[in-house]
Amino acid sequence: ITMYARGLMFLKKAGTVILAICIVLWWLGAYPHVQPPAEVAALREQAAAVQTAQPEQAEELTLKADRMEHQHQAANSFLGHAGRIAQPIFAPLGCDWQGSIGVLASFAAREGFVGTLAVLIGGDELDAGEAAADQGVREQLASAQRADGTAVFSTPTAWSLLVFFVLAMQCLPTLVVTAREAGASKWAFVQLAWMSGVAYVAALIAYTIASAMTCTTRLAPSTDTPAPHHDSFRAPRDTPMSFPIHDWQFWVVTLIALAAAWYLVRKFIPSRMLPRILRPRKKGKSVSLTISAGDGKGKP
């Protein structure tokens, strides 16, 4: 009974937080829309040219074009820009922009790391055809590639992340409890900075040792054409970015994402740290008191 109660409590508290994080990250990874690169149009033209004579090659070219278009969209989304900003911080640990986003999201709840990477990488493995639908998250993450063809999670990167997750403070509710029990928010920041610093240094040591002991496996691209470099997925500055404001589905998912973001703000940020207009109203109780003059016989 205790295990059932604890498991149900975890699903209600952690499960809702993870779901909200995934919704917000999905929206940030889907918008704004950018034009696909010229290589995508060229691959689709090649697929259309050989559709009749070589249908298998046409399907392979189409899948490659879809994968390149997805990577281009993800790299130029809000989430992709945030990942490139954070990438220099986590690059010494072997993380690219996708892994950096996963690590940042895990500070809210470490269980959100897998969900974050599933949102980012889940749509990347389009070159596997229909078999990708049967693969689990573990297989997708294990076979995920960077833009230059190397594995997203090499052996040194995996070891550094394991060490980092063991030592880092990746739970915002715990920090909120620390601030509440200590009576000051500074102790929560000290806890976050100290544990994160120790975890970073230990993960860097683990990555250095693992890199010296193993050789990072370089995955070959699916075709003879060399995989484009990561910078090739960055849209030029004059590339138009747009939002489908005329599509009702865009507004529906945007409202859902805003609701999820508001839930996370109310969940993790103390009300005293929010602007006055965003603070929740305190619910009070009405109390009535009646005083009578008595009955005239000395009795109240």
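1. Does Phe10 count as buried, partly exposed or exposed? In this predicted model, Phe10 has 42% relative accessibility and therefore counts as partly exposed, since that class lies between the 20% limit for buried and the 50% limit for exposed.

2. Phe10 belongs to helix α1, which covers residues 2-30. On the surface, Phe10 joins Tyr4, Leu8 and Leu11 in a nonpolar patch. Together these residues have about 440 Å² of accessible area.

3. The largest nonpolar core comprises 16 residues, and Ile21, Trp97 and Leu264 have the most contacts inside it. At least two residues of this core come from each of α1, α3, α5 (97-106) and α12 (248-268). The biggest contribution is that of α1, with five residues. In soluble globular proteins, nonpolar side chains tend to be buried together.

4. Helix α3 spans residues 55-75, 21 residues in total. The distance from its first C-alpha to its last is 30 Å, close to the 30 Å expected at 1.5 Å a residue. Buried residues of α3 include Leu61, Leu63 and Met68, but also Lys64, Arg67, Gln71, His72 and Gln73.

5. Helix α4 (residues 78-90) has 13 residues, which at 1.5 Å a residue should span 18 Å; the end C-alpha atoms are 18 Å apart, so the two values agree. There is nevertheless a kink of about 30 degrees in α4, at Arg84, shortly before the proline Pro88.

6. Arg84, where the kink lies, is among the buried residues of α4. The others are Leu79, Gly80, Gly83, Ala86 and Phe90.

Terms used: Residues are numbered from 1 along each chain as its sequence is written. This is a predicted model: local features need pLDDT of at least 70, side-chain atom pairs count only at pLDDT 80 or more; totals for chains, interfaces and linings use all residues. Side-chain values use heavy atoms; hydrogens and water are left out. Patches are made of residues with over 30% relative accessible area and no salt bridge: like charges are joined within 9 Å, nonpolar side chains (Val, Leu, Ile, Met, Phe, Trp, Tyr) within 5 Å. Accessible areas come from the Shrake-Rupley method with a 1.4 Å probe; for residues, only the protein chains shown count as cover. A salt bridge is a side-chain nitrogen of Lys or Arg within 4 Å of a carboxyl oxygen of Asp or Glu. Helices (H or I, at least four residues) and strands (E, at least two) are DSSP runs, numbered from the N terminus. Buried means under 20% relative accessible area, exposed over 50%, partly exposed in between (1.4 Å probe, protein chains only). The expected span of a helix is 1.5 Å times one less than its number of residues. The bend at a residue is the angle between axes fitted to the seven residues ending there and the seven starting there. A nonpolar core is a set of buried Ala, Val, Leu, Ile, Met, Phe, Trp, Tyr and Cys residues joined through side-chain atoms within 4.5 Å.
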